[in-house]
Amino acid sequence: MLSGFRAAITRRGFATNSTVKGFDGAIGNTPLIYLKGLSERAGAHIYGKAEFQNPGGSVKDRAALGLVNNAEKLGLLKPGGTVVEGTAGNTGIGLAHVCRAKGYKCVIYMPNTQSQEKIDLLKMLGADVRPVPAVAFENPKNYNHQAREFAESLPNAVWTNQFDNVANAEAHYETTGPEIWAQTQGKVDGFICSTGTGGTLAGTGRALKELSKGKTQVWIADPPGSILTSFVNNGGTERSGSSITEGIGQGRITDNMATFVKQVDGAFTVPDEKTIAILYELLDTEGIYLGASSALNVVAAYELAQKLGKGSTVVTILCDGAYRYQSPKGLSGAIPDHLKKYAVLD
Ligand SMILES: Cc1ncc(COP(=O)(O)O)c(C=O)c1O
């Protein structure tokens, strides 16, 4: 049994003595980190999938590769082609890397309210960055619509459409879910994470539900200001408050989320204060320095473990590292006093 399991792991590329082909080959197969302190406190087994170890630095490398591979498979993208996306965040970084690795041009539309650092990083990775006025989705000048129109105007170009192109969730169905299943040797009582496009939750959740024959519970963790908690719990679209987290929270059911939302077992909202406190606690006790969406996920994993009971195993996603973000100055009151030494507050 064990040797069969080892063989399967080796085939999937976990073996330390294996090599991978190029940037694409280095995406995925991330470690599953046992969060010791938190697990002890919860009386449960809490694991974080170290997606910050992807070569572009975030969980979105998987989506970027899946979207580009799918466009190639459908014959929409040929050598020398152009990939266009509307994004200010990690998907753009993932796409910029994947495009360099595969020889495509990468054009990124984003609202002109985004920081200069984000623009500079994408440019440094070779992307053609186009900041456009920050207007609502209903306005045809919204950055997403401009991205689509630009791709439509060019030959051999594709708008990857991360929110509603289900190749995003499919990438997680094919990789993230089966990896977690193998790494826990098939013992996952609960999986929970927050969602932006919904690709990670929907794809990983669907794989784990299938592999466990329905036994793994899959929950959504929501930041304030998102509708998903209301949607899952009572079919509503209520939202209140706002959040310092980036890349997560949603005002609609994306096509990626729609592939799985009916199978979700539950959802709850995590206040920013808890997210910030655990962000510094994870640095202090585990030595892991994470972005806010990951910290929110860890709070949620702890709370789901409490619901599922003593000895349960709960997995979440550690989406990216903290290095891409500024200190949360507005919420310094949420940092426990003994952890304030880690935050740059002046
Ligand atoms: C930091 C971070 N966390 C979480 C997510 C959410 O992932 P998904 O889009 O798969 O729902 C994103 C998405 O961009 C992100 O950038």
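Two residues are in contact if their C-beta atoms, placed from the backbone, lie within 7 Å. The model is predicted: local features need pLDDT of at least 70, side-chain atom pairs count only at pLDDT 80 or more, and totals for chains, interfaces and linings use all residues. Residues are numbered from 1 along each chain as its sequence is written.

**Exercise 1.** Check the length of helix α13 and describe its surroundings.

*Solution.* Helices are DSSP runs (H or I, at least four residues) and strands likewise (E, at least two), numbered from the N terminus. The expected span is 1.5 Å times one less than the number of residues. For the 15 residues of α13 (272–286), this gives 21 Å; the end C-alpha atoms lie 20 Å apart, which agrees. Buried residues (20 or more other C-beta atoms within 10 Å of their own) in α13 include D272, T275, I276 and L279. Helix α14 (292–308) is part of what covers the buried residues of α13. After α13 comes G287, with a positive phi near 75°.

**Exercise 2.** Find the edge strands of the open six-stranded sheet.

*Solution.* Strands pair if DSSP finds at least two bridges between them. The order is β1-β2-β10-β7-β8-β9, with mixed pairing. The edges are β1 (32–34) and β9 (266–269); each has a single partner strand, so one side of each lacks a neighbour in the sheet. From one strand to the next, the twist averages 25°.

**Exercise 3.** Describe how β8 is joined to β9.

*Solution.* β8 (residues 217–222) and β9 run parallel, joined by four bridges. In one of them, W219 has G266 of β9 as its partner.

Key:
A residue is buried if 20 or more other C-beta atoms lie within 10 Å of its own, exposed if 12 or fewer, and partly exposed in between; C-beta atoms are placed from the backbone. Axes are lines fitted to C-alpha atoms, for helices over the stretch in contact, and angles run from 0 to 180 degrees between N-to-C directions.
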